[in-house]
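Thank you all for coming; I would like to walk you through one model this morning, going from a single contact outwards. Please have a look at the sequence and the structure before I start.

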Amino acid sequence: MMNDGGNRIENRVDGLFNKFCINIVDGKKQYLFDEEGRRYLDAFGGIATVCCGHCHPDVVSAVVKQMNRIQHSTVLYLNHAIADFAEALASKMPGDLKVVFFTNSGTEANELALMMARLYTGCQDIISIRNGYHGNAAGTMGATAQSIWKFNVVQSGVHHTLNPDPYRGVFGSDGEKYAKDVQDLINFGTSGHVAGFISEAIQGVGGIIELAPGYLPAAYSTIKKAGGLCIADEVQSGFARTGSFWGFESHGVVPDIVTMAKGIGNGIPLGAVVTTPEIAEVLTRRSYFNTFGGNPVCTAAGLAVLNVIEKEKLQENAHVVGSYLKERLLSLKDKYELVGDVRGRGLMLGLELVTDRKLKTPAKTEIVHVMEQMKDMGVLVGKGGYYGNVFRITPPLCFTKEDADFLVDAMGYTLSKM
Amino acid sequence: MAFWGRILKRALQPARPSSDAAALCSSYSTNAPPQLPRFDHLPKPYKGPSADAVLEKRKKFLGPSLFYFYEKPLNIVEGKMQYLFDESGRRYLDAFAGIVTVSCGHCHPEVLDAIIEQSKLLQHATTIYLHHAIGDFAEALTSKLPGDLKVVYFVNSGSEANELATLMARMYTGNLEMISLRNAYHGGSSGTIGLTALNTWKYSIPQGEIHHVMNPDPYRGPFGSDAKAYARDVQDHIDFGTSGKVAGFIAETIQGVGGAVELAPGYLKLVYDIVRKAGGVCIADEVQTGFGRTGGHYWGFETQGVIPDIVTMAKGIGNGLPLGAVVTTPEIASVMAQKIQFNTYGGNPVCSAGGHAVLRVIDKEKRQAHCADIGSHLISRLKELQQKYDIIGDVRGRGLMLGVELVTDRKEKTPAKAETLHLFEKLKE
């Protein structure tokens, strides 16, 4: 897609994200700057990744300080950075979730989680939710459940259950009804015992879809009865983004394995899996090693991120500003027919555009137009959902009420002209 | 144990004048152990947690499966070029380079500068926006590759790169089966664990349609260095184990984790031919051998006189940055456009800037020639040791990717496991 001096960099995301390429060369807090120095409000956060803010001084200085000392030696030797960060991360977890594995991405984290579940239970079947996204390697591509992300390769051992989607789902917001489909899949599609269940608390790539209330506790219970482990994919919802520290907390469950990436390092390539000592033990049967994983620089950054989230009360900010933003977006819904749904929590919000509110026909062309107009006005948002008609609003958590107003005003202005 | 016997993957430094090797060897049995070469760098004083404290925390928070070197693991707190420093400021010669990863040297100033500069401007925005760093780096990287290998995908690790390469092979050919060598290592994720062919790293989970062919190992293989005989095994697997058509073949030119095992000369040429006739593509895993490490060539596969269809890389590519890449032809890349494949961190400005700086350093400081130069000096000195000590069964490798295999019996080639561990500890001391 992009042509650079005769050599092509292959990244075909046109159709899902904005096609109108802007050259982003600088970032500071919740703003990005293009080659001409023009400032944009970053309401996408590098896909829910930049949580503290671009080039946050505390994170940058932790990175630089560590870079100047040692970048990489692997965990074959000791270094305090990985241990300190693992301890701090574990302290953010409930229950017996205290063993950490570091990887370099969300995909790697989910791959490891799926393998651990299969090894721990001795079973193969994994259940994931339709419309979910968990990665693009061999195992995770199977768990991912949207055709656009699934190549025509073998992806065995995964069953995709009904999406408890309050807006488009058959059972509306009745979480328990959807959860019955999980039992059905187990009864009729597996031996009756499964390896586990993996889900996001709020589907990110899938268009900011909150799982219907009551769903997760019912699904978790069903899975546990079938001997399976519950994996919470917190790659997008984690690190205070939703107003709780972890997305699963707002569903009142405690998973067996938690995976994370994106916000964990404010953009540095880092991922992690946190589980119980009992489950972690399965990896001792053979050797698992991640060369870059847990390197001093990335773990120093991770620790700095945790400190910033606490010091700057970003979790509270996400909750306060996020609620305010959602209110204002709901007022857009009152005003404009094109806005079919507004949903999400904290600073993980979605706005779905439809050409017909009853039929919920995805407004695919309209959304592209609005996105382009907003960019021209200085607001960058994301796009997602199976039909590509949902605005994904996942800014850095230092987003302010003024930023929220600007975003809504820009969107409202555009909608009013259509 | 080949894994522990695999040493000598050094970061680099200009050569010292070489002395009479034989004279040096004869002095060993007598007096004091040899001393580290001089090095003008004072490590910063370390005021952080001690080795014991770190080990405690690791045991508690990082799981029982996280292993480490040495009876008493080293607390490595600083690095400079080819040296590492522990908490007491003691300097060590790093002959392993964070597992063949630190290519330019720890904290190489030019690489650090590039990374730090970019970190202050922009760490991450993703490739949904433009940024020059990724384009510039991709251009520089592809200029180092032969043939039509000019399309780059950036990822975050060798595992991710090999996963993507396997996906491409299957999509492009429409076939299912993959072939890899016994004793190979290609990663630890669901797909790559199947390609990996060493039981230590393989967990008991389904691992797909993979065939592991005889390893063309000149030292331990049943056919010595007879490439033709080993290649016949590949044809056999295709004829009897598959539909006759395969997706692809993947190999390291010198097996890293497997113990610096060089593929028998002429092997890849024969096998590439066989695989392509069966409709498959050829993948060169350059995660350890790439970036001039083998001395004679920039890429390991060049030592076998072949041009692969897909090349994967990681480790040395960023001098330690979490970075990996897959390079292939426009024709193969075109099949990826059928769906969407996206890597959130891949190609971020900081890693791209770092990677680009690494390429510049390798060229500017003539590191490839240096690897050839020092590598041949090193291998000849190691061969002298082999003359002297029966326990050294084999010395092999190229450039600065060398291996020394210890055996208790040269005829039987019985692995000297305990002795290797002992030597390993002593060398550290």
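Let me begin with one pair of side chains: B:Glu78 forms a salt bridge with A:Arg69, and their closest N and O atoms are 3.2 Å apart. I should say at once that this is a predicted model, and I will keep to what can be computed from it. Between chain B and chain A the count of salt bridges is three.

How many residues does each chain bring to the contact? Chain B gives 104 residues and chain A gives 100 residues, and the area buried between the two chains is about 9100 Å², with carbon and sulfur atoms giving 65% of that area. On the chain B side, B:Tyr203, B:Ile340 and B:Tyr345 lose the most area to chain A, and together they account for 10% of what that side buries.

Next, a helix of chain B. In α3(B), which spans residues 51-61, the buried residues include B:Ala51, B:Val54, B:Leu55, B:Arg58 and B:Phe61, and because they cover an arc of only 150 degrees around the axis, they sit on the same side of α3(B). As a general reminder, an α-helix has 3.6 residues a turn, so residues three or four places apart point the same way. On the other side of α3(B), by contrast, B:Asp52, B:Glu56, B:Lys59 and B:Lys60 are exposed. Among the elements that cover the buried residues of α3(B) are two from chain A, namely α3 (80-90) and β6 (99-103). After the helix comes B:Gly63, whose phi is positive, near 85 degrees.

Now to the interior. The largest nonpolar core has 171 residues, and those that touch the most other members are A:Leu89, A:Leu329, A:Leu407, B:Leu141 and B:Tyr267. Helix α9 of chain A, residues 296-311, supplies the largest share of this core, eight residues. Apart from this core lies another, of 28 residues, including A:Val99 and A:Cys123. If we set aside sequence neighbours within four places, the contacts of A:Leu329 include A:Val342, A:Ile393, A:Leu407 and A:Met411.

Finally, chain A has an open sheet of four strands in the order β3-β4-β5-β18, with mixed pairing, and its edge strands, β3 (24-28) and β18 (379-380), each pair on one side only. Strands β4 (residues 31-34) and β5 (residues 39-42) of chain A run antiparallel and are joined by three bridges; A:Phe33 has A:Arg39 in β5(A) as its bridge partner.

How values were computed:
Residues numbered from 1 in each chain as written. Chains lettered and ligands numbered in written order. Predicted model: local features only at pLDDT ≥ 70, side-chain atom pairs only at ≥ 80, totals over all residues. Heavy atoms only, no water. Pairing = 2+ DSSP bridges. Core = buried A, V, L, I, M, F, W, Y, C linked by side-chain atoms within 4.5 Å. Buried < 20%, exposed > 50% of the residue type's maximum accessible area, 1.4 Å probe, protein only. Contact = heavy atoms within 4.5 Å. Arc of directions from axis to C-beta. Buried area = accessible area lost by both parts, 1.4 Å probe. Salt bridge = Lys/Arg side-chain N within 4 Å of Asp/Glu carboxyl O.
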